[in-house]
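Student: I have a new structure to look at, and I would like to learn how to read it one feature at a time. Could we go through it together?

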Amino acid sequence: MGFLLAGLICRAERPRPGVVALPQGFELIRLRGDGEPVIAGLDRLDEAGAAIARELSTDRRVAYVEAEFIGGEGTQAAVGWEAGEIAFGPRLTRTPNDDREGFEPVPWGSGMAIDEVLRWLGVER
């Protein structure tokens with residue numbers, strides 16, 4: 001069994017339809033990513049998603065996260081914006097047994113890309 005995650009995470013302003021409320025006052029904005037990728041390794045971040053991130057980041061940090069796992073192995077990718085500019089990453093990581101090129105192998109329990117960008121956003125454990 002596998003899963004795919006692609007979306008933006010940021011501090012929530014107010015509840016909105018189609019947005020997933022997360023703990024600690026954050027929200028997840030799901031993205032479809034139907035266009036051409038704009039950053040290598042971030043397969044589902046197209047120009048529309050990047051534009052939303054830039055716009056939201058004018059008054060808060062915003063992170064794009066992407067994960068794809070099958071049978072416990074897979075990849076995570078993240079990039080963050082602040083004040084309309086990329087301020088974190090992009091960070092591309094993979095589990096030790098995944099073979100995707102361009103992604104750093106990270107031991108289990110270590111800092112995968114999404115863990116690191118969540119810390120950058122201010123999420124507490």
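**Reading the model step by step**

Tutor: Let us begin with a single residue, remembering that this is a predicted model: A83 is exposed, with a relative accessible area of 57%. A83 sits in the loop between β5 and β6, and its phi is near 55 degrees, a positive value in a residue other than glycine.

Student: How should I read a positive phi in general, and which other residue has a phi near 65 degrees?

Tutor: Most residues other than glycine have a negative phi, and most peptide bonds are trans. Here Q24 has a phi near 65 degrees, again a positive value in a residue other than glycine. Q24 is found in the loop between β2 and β3, and with a relative accessible area of 38% this residue is partly exposed.

Student: Which two residues are joined by a cis peptide bond?

Tutor: The cis bond joins G89 and P90, with an omega of about 10 degrees, and P90 belongs to strand β6.

Student: How many helices and strands does the protein have, and in what pattern do they follow one another along the sequence?

Tutor: The secondary structure comes to 2 helices and 7 strands, and read along the sequence the pattern is β-β-β-α-β-β-β-β-α.

Student: In what order do the strands lie in the sheet?

Tutor: The order in a sheet is to be read apart from the order in the sequence. In this model an open sheet of 7 strands has the order β2-β3-β1-β4-β5-β6-β7, and the pairing is mixed. The edge strands are β2, residues 19-22, and β7, residues 104-105, each of which pairs on one side only. Strand β2 is joined by 4 bridges to β3, residues 26-30, and these two strands run antiparallel; across this pair, V20 stands opposite L28 in β3.

Student: Where do the helices lie with respect to the strands?

Tutor: Helix α1, residues 47-56, packs on the sheet and touches β1, β3, β4 and β5, with its direction at about 30 degrees to that of β1. Helix α2, residues 113-121, lies across β1, β3, β4, β5 and β6, and runs at about 25 degrees to β5.

Student: How is a pair of aromatic rings described, and how many such pairs does the structure hold?

Tutor: A pair of aromatic rings is described by the distance of the centres and the angle of the planes. The structure holds 2 aromatic pairs. F3 and F69 form a stacked pair, 5.6 Å centre to centre and with 5 degrees between the planes. Because F3 lies in strand β1 and F69 in strand β4, this pair ties together parts that are 66 residues apart in sequence. F3 is partly exposed, with a relative accessible area of 44%, whereas F69, at 11% relative accessibility, counts as buried.

The rings of F88 and W120 have their centres 5.7 Å apart and their planes at 40 degrees, so this pair is tilted. Since F88 lies in strand β6 and W120 in helix α2, the pair ties together parts that are 32 residues apart in sequence. Both F88 and W120 are buried.

Student: What can I say about the protein as a whole, and what radius of gyration does it have?

Tutor: One compares the radius with what a compact globule would give: for 125 residues that is near 14 Å, and the protein has 14 Å, which agrees. Its C-alpha atoms fill a box of roughly 40 × 35 × 30 Å along the principal axes, and buried residues make up 42% of the 125 residues.

Terms used
Residues are numbered from 1 along each chain as its sequence is written. This is a predicted model: local features need pLDDT of at least 70, side-chain atom pairs count only at pLDDT 80 or more; totals for chains, interfaces and linings use all residues. Side-chain values use heavy atoms; hydrogens and water are left out. Two strands pair if DSSP finds at least two bridges between them. Contact means heavy atoms within 4.5 Å. Axes are lines fitted to C-alpha atoms, for helices over the stretch in contact, and angles run from 0 to 180 degrees between N-to-C directions. Buried means under 20% relative accessible area, exposed over 50%, partly exposed in between (1.4 Å probe, protein chains only). The radius of gyration is taken over C-alpha atoms; the globule rule is 2.2 Å times the number of residues to the power 0.38. Rings of Phe, Tyr and Trp (its six-membered ring) pair if their centres lie within 6.5 Å; planes under 30 degrees apart count as stacked, over 60 as edge-to-face and the rest as tilted.
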